[in-house]
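Please walk through the structure below, starting from a single loop and ending at the ligand site.

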Amino acid sequence: MWKGEVVLEEFIMSTTIYMGEGSFEKIDELTIKRAFIFCDPFMQQSGKTDLIVKKLDGLHAEYQIFAEVVPDPNMTVIQKGLNQLNAFRPDTVFALGGGSAIDTAKAVVYLYAKMHDIERPHVVALPTTSGTGSEVTAFAVISDQEAGVKYPLIASDMIPDVVLLNPKLTATVPPAITADTGMDVFTHGLEAFVSTKANDFTDAMAEKSIRTVWDYLERCVTDGGDMDARAHMHNASCMAGMAFNAASLGICHSMAHALGAQFHLPHGRCNAVLLPIIIEYNAGIDIPGESDALLRYLDIARLLGITAGTNKATIHLLVRQIRELMVRIGIPVHFEGLKIDGDNFLRSIDIMAENALKDRCTVTNPRVPTVEHIRQLYRKLYQA
Ligand SMILES: NC(=O)c1ccc[n+]([C@@H]2O[C@H](COP(=O)([O-])OP(=O)(O)OC[C@H]3O[C@@H](n4cnc5c(N)ncnc54)[C@H](O)[C@@H]3O)[C@@H](O)[C@H]2O)c1
Ligand SMILES: [Fe+2]
């Protein structure tokens with residue numbers, strides 16, 4: 001909208017969201033006879049699945065647990081889940097976990113309904129990280145480890161029906177994962193805000209999520225038991241999800257997908273290390289004049305109380321303060337902090353750049369990149 005070219009805009013929000021520690025009680029109000037729970041082994045071992053099971057027992061519902069979700073789900077795990085869903089035939093599916101568990105559940109349920117040509121089971125998402133926003137998006141990111149790529153399944157049918165944002169579920173997230181996933185939220189907000197598909201509604205969600213991460217992420221990393229900060233971050237994650245579900249993202253995500261798939265690095269960390277470089281590129285910090293994108297980043301800087309003598313100086317300061325936040329929360333700001341082989345990285349730049357250019361998120365980036373631009377941005381990361 002900010003380019004003044006779009007004639008039709010939309011913001012659809014079909015998911016019912018309950019927030020806070022009392023949100024679990026809403027399970028009692030659901031009509032459930034057969035429930036299927038997707039989670040990873042940690043969720044079962046740490047007793048988090050028991051919280052749902054107790055509710056299902058109260059409803060006299062039958063249930064089955066699929067605790068085989070892996071980080072960055074691939075087709076093997078999705079096929080396994082699909083086989084079990086086919087055998088169990090639930091009316092309700094719970095997705096308990098981070099983006100990996102929620103994406104797995106969404107993809108499996110989608111394929112299951114398509115296979116049988118039926119209405120899909122009711123999906124209830126309980127995010128346990130404050131990160132991907134997958135609980136309200138039409139995306140499920142599937143990894144192909146052999147090819148070294150991540151590709152999104154996209155279907156509005158995959159958006160969960162109900163979300164329970166219980167911050168208590170996030171209290172056990174270790175500091176490093178809290179930091180990585182929190183920077184994923186920040187990147188979602190920023191990329192949605194500068195996206196060529198942004199509109200006033202997505203801006204509202206993006207602005208609030210960016211501001212909230214700025215105010216609360218460090219507290220969550222420093223003290224995982226700070227439930228006030230955790231609750232705000234959990235809401236921010238979901239709001240950023242709403243923003244990018246409608247506005248989409250940009251090349252920070254495209255490049256993070258390619259980097260994460262190639263080197264098996266956490267999604268949020270890939271975004272974080274690339275973000276400062278991408279802001280400078282999108283804002284055109286090294287080229288004459290002031291682009292629309294630069295002015296959009298300026299809005300964000302002002303929102304965060306950051307100003308300097310000129311508009312470009314303000315963007316420089318924004319980038320510096322983002323790097324300072326990363327240092328405070330333990331995210332590497334130099335290439336060696338990623339602990340990946342430098343020669344291998346340099347050899348992979350061509351293929352990562354090609355994959356990033358083809359990534360769906362590239363379409364809505366505020367600056368149109370060439371494959372050579374993306375190669376240069378990866379080289380900048382190497383030199384960081
Ligand atoms: N669908 C979308 O819209 C979307 C958007 C962005 C990213 N993604 C995808 O989501 C995946 C990443 O999700 P993520 O960042 O949430 O990480 P994740 O789900 O892979 O989880 C990361 C780790 O955190 C652990 N964990 C999760 N919750 C925990 C808790 N409460 N306590 C302790 N440990 C906990 C998990 O066991 C796992 O080891 C990637 O595959 C990424 O590509 C999807
Ligand atoms: Fe993300």
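**Two loop histidines and a ligand shell**

The loop between helix 8 (251-263) and helix 9 contains H264. This is a predicted model, and in it H264 has a positive phi of about 55° although it is not a glycine. Most residues other than glycine have a negative phi. H264 counts as partly exposed because 13 other C-beta atoms lie within 10 Å, and the exposed class stops at 12 or fewer.

A second histidine, H60, sits in the loop between helix 2 (48-58) and strand 3 (62-66). Its phi is also positive, near 55°, in a residue other than glycine. H60 has 8 other C-beta atoms within 10 Å, so it is exposed.

Helix 9, which follows the loop of H264, leads on to the ligand. Helix 9 (267-283) supplies at least two residues of the shell around ligand 1, as do helix 4 (99-116), strand 6 (139-144) and helix 5 (175-194). Which helix gives the most to this shell? Helix 4 does, with four residues.

There are 30 residues around ligand 1, and those that come nearest are G98, G99, S100, S134 and V141. By class, the shell is made up of 16 polar, nine nonpolar and five charged residues.

Where does ligand 1 lie with respect to the two domains? Domain 1 (16-170) gives residues to its shell and so does domain 2 (175-383); ligand 1 therefore lies between them.

Note on methods: Residues are numbered from 1 along each chain as its sequence is written. Chains are lettered from A and ligands numbered from 1 in the order in which they are written. This is a predicted model: local features need pLDDT of at least 70, side-chain atom pairs count only at pLDDT 80 or more; totals for chains, interfaces and linings use all residues. A residue is near a molecule or strand if its C-beta atom, placed from the backbone, lies within 6 Å of it. Ala, Val, Leu, Ile, Met, Phe, Trp, Tyr, Cys and Pro count as nonpolar, Asp, Glu, Lys and Arg as charged, and the others, Gly among them, as polar. Domain bounds come from an automatic or database domain assignment. A residue is buried if 20 or more other C-beta atoms lie within 10 Å of its own, exposed if 12 or fewer, and partly exposed in between; C-beta atoms are placed from the backbone.
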